[in-house]
Amino acid sequence: MTVDDRTGPAPVPSGPLSKIDYSERIPNNVNLADDRRLQRALEGWQPKFLDWWKELGPALPTKDVYLRTAIAVGRDGWAHFDHVPMEEYRWGIFLAEADPDRTVSFGKHKGQPAWQEVPGEHRADLMRLIVVQGDTEPASVEQQRVLGATAPSIYDMRNLFQVNVEEGRHLWAMVYLLHAYFGREGREEAEQLLKRNSGDIDSPRILGAFNEETTDWLQFFMFTYFTDRDGKYQLGTLKESAFDPLARTCEFMLKEEAHHMFVGTTGVQRTVERTAEVMKAKGGDATFEDGVIPLDVIQKYLNFQFSVSMDLFGSEQSTNAGNYYSSGLKGRWQETRRKDDHVLLEDTREMNYIEDGEIKQKTVPMLSALNLDLRDEYVADCANGVRRWNQELEDAGLDERLFLPHEGFNRRVGAYSTHHVSPEGEVIDAATWDSKHTDWLPTAADRQAVADLMVPVYEYGKFADWIAAPKTGINDQPVEFDYVHLAEEGVA
Ligand code: BYC
């Protein structure tokens, strides 16, 4: 295990295992049976959720899918795998184990007992954070709705549906908090979470990246790599929250999130593997005519998804972020492992900005730059996957490499949003951007050519030509396992 110099060694997980009650209509480990009012409110929301799932969840009809379902929280085994019809998936409410001695670890309430109720003064901000988080979960399901129809294998299709049902459960997690702690307003916000829709002109999802189309499987893999990773980092900061039910909810969500990023990391890796194989065999660039995705198009997809995911961190300098921190609502990544005063009133840091066509640095109060602090952690993590993908190119004896574009490339939010920056980090004028951006971002023609490769492969153990098979299956099952039974007789 590597130890981060700045944060020290990881704490050893502790705590008993708490079982989830599956005899309930809404499986949970929050004693829902003891709170009739809350139970009724959630039972009222449940059919609306199911309607939404039917209308905007996975479009491909299936009989059942080999899915992981959470059965317990705690450090030991927590998941059960079985074939289940997706509409009967047991979405439920699971909070990580409570620590009765937990105290607030940062901000002006540092050292006080963690909150079991919402303090009136922080009600609006907390609700806003929970709504923004909750809004992303169903958005991603909507974005991925039609991908089953072009799945490169039954294995990949199962992973898509696993991600989808768990994002559905993450929506439940936020809706529980809204219903349990925010009264009528919370219930209204919970309704709205099903009414806003990804890409809807009149009622879009709140954050930019969640209104982009997921056009094909390469985009899906990039999304689960880059955008789900924003989820990991945002959940990591909410897991530090003084509001204990939010902290415990996010801690448990993070367990599920890890698989989503695995889908992205390995999905892109397997795509690069096939392209590299063809490049090696040809001794030159692979093209769409070779039946794989050319490396420069993979780079364009990477550039796009990385840059829209960078926007999800908000502005580099944000008074919102400073206030959330000082109030104890949202901490930093691995807050308790950081070696400073956890109040940050005196701290500063450097940040990049553009002046006179050049990228310069200035010193800013740390409290104002917490979105940037989180984003830096995120970027370092993103680089790991790129190294892994490049290993495929190296193993094939190729000199070409993928890379993360500059932080200022293609940005709509923050210090770079009013400028143009190339992937290499050169500040450029609008005319240069206009003539070059099609070299850097996927064009409609690129997307169409990728879409043309996306032929469904529904035979167990077989894979579309553009992607390599994985090394192992899910939960120790073979790669050719019958992960999904389609509704249509005779297929799979
Ligand atoms: N698009 O002070 P600023 C996940 C708004 S992903 C549109 O710079 P702040 C998942 C901002 O809301 C994780 N609007 O930013 C992944 C604010 O509006 P208000 C989701 C944007 O507030 C895959 C204004 O601009 N969770 O879980 O410091 C699959 C000024 O903003 C955008 C969270 O994000 C944007 N990109 O930070 C499934 C955690 N960026 O409030 C799931 C909760 C900013 O003035 N959210 N704006 O009307 C937050 O912590 C913060 O809201 C943000 C923004 C980090 C998003």
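**Exercise 1. Backbone outliers in two loops**

Task: Decide whether Asp356 is buried, partly exposed or exposed, then do the same for Asn475, and look at phi in both residues.

Solution. Start with Asp356: its relative accessibility is 69%, so it counts as exposed, the cut-off for that class being over 50%. Bear in mind as you work that this is a predicted model. Next, place the residue: Asp356 sits in the loop that joins strand S5 (348-355) to strand S6 (358-365). Its phi is near 50°, a positive value in a residue other than glycine. That deserves a second look because most residues other than glycine have a negative phi.

Now turn to Asn475, found in the loop between helix H11 (444-453) and strand S9 (484-486). Here too phi is positive, near 50°. With 38% relative accessibility, Asn475 is classed as partly exposed.

**Exercise 2. Into the nonpolar core**

Task: Find which residues have the most contacts inside the largest nonpolar core, and work out the surroundings of Phe226.

Solution. The largest nonpolar core holds 113 residues, and Phe226 and Ile293 are those with the most contacts inside it. Helix H3 (residues 154-181) provides the largest share of this core, 16 residues. Apart from it lies another core, of twelve residues, including Ala139 and Trp440.

Step two is to check burial. Phe226 has a relative accessible area of 0%, so it is buried.

Step three is to list its partners. Setting aside neighbours within four places in sequence, Phe226 is in contact with Leu302, Gln305, Phe306, Ser309, Tyr378, Cys382, Trp389 and Leu404.

Step four follows one of these partners, Phe306, which belongs to helix H7 (residues 295-311). Phe306 is buried as well, at a relative accessible area of 2%. With sequence neighbours within four places left out, its own contacts are Phe226, Tyr378, Val379, Cys382, Leu404 and Pro405.

**Exercise 3. Aromatic geometry**

Task: Classify the ring pair of Phe49 and Trp91, and that of Tyr225 and Phe226.

Solution. The model contains 33 aromatic pairs. For Phe49 and Trp91, the ring centres are 4.9 Å apart and the planes meet at 75°, so the pair is edge-to-face, a label that requires an angle over 60 degrees. Phe49 is in helix H1 (residues 36-56), while Trp91 is in the loop between strand S4 (79-84) and helix H2 (123-143), so the pair ties together parts that are 42 residues apart in sequence. Both residues are buried.

For Tyr225 and Phe226, the centres are 4.8 Å apart and the planes lie at 85°, so this pair is edge-to-face too. Tyr225 is buried, with a relative accessible area of 1%.

To finish, widen the view around Phe49 and Trp91: they form one aromatic cluster with Trp45, Trp52, Trp53, Tyr89 and Trp172.

**Exercise 4. One arginine, two rings**

Task: Over which rings does the charged end of Arg447 sit?

Solution. Take the rings in turn. The charged end of Arg447 sits over the ring of Tyr301, 5.1 Å from its centre. It also sits over the ring of Phe304, at 5.2 Å from the centre.

**Exercise 5. Empty space**

Task: Describe the largest cavity and the second largest pocket, and say which helix gives the most to the lining of each.

Solution. Begin with the closed spaces. There are two cavities of 30 Å³ or more, and the largest has a volume of about 110 Å³. Among the residues that line it are Thr237, Tyr324, Lys330, Arg332 and Asp373. Helix H8 and helix H9 (370-395) each give two or more residues to this lining, and H9 gives the most, with four residues.

Next comes the open space. The second largest pocket encloses about 610 Å³. Its lining has 31 residues, with Val132, Leu207, Gln234, Leu312 and Lys330 the closest to its centre. H2, helix H5 (217-238) and helix H8 (319-326) each contribute at least two lining residues. The largest share, eight residues, comes from H5.

Finally, compare the two linings: Lys330 appears in that of the largest cavity and also in that of the second largest pocket.

Methods
Residues are numbered from 1 along each chain as its sequence is written. This is a predicted model: local features need pLDDT of at least 70, side-chain atom pairs count only at pLDDT 80 or more; totals for chains, interfaces and linings use all residues. Side-chain values use heavy atoms; hydrogens and water are left out. A nonpolar core is a set of buried Ala, Val, Leu, Ile, Met, Phe, Trp, Tyr and Cys residues joined through side-chain atoms within 4.5 Å. Buried means under 20% relative accessible area, exposed over 50%, partly exposed in between (1.4 Å probe, protein chains only). Contact means heavy atoms within 4.5 Å. Rings of Phe, Tyr and Trp (its six-membered ring) pair if their centres lie within 6.5 Å; planes under 30 degrees apart count as stacked, over 60 as edge-to-face and the rest as tilted. A charge sits over a ring if NZ of Lys or CZ of Arg is within 6 Å of the ring centre and within 35 degrees of the ring normal. On a 1 Å grid over the protein atoms alone, a cavity is a set of points where a 1.4 Å probe fits but cannot get out, and a pocket is an open set with protein on both sides within 12 Å along at least five of seven lines; lining residues have an atom within 4 Å of a point. Grid points are joined across faces, edges and corners, and a volume is the space filled by probe spheres set on the points.
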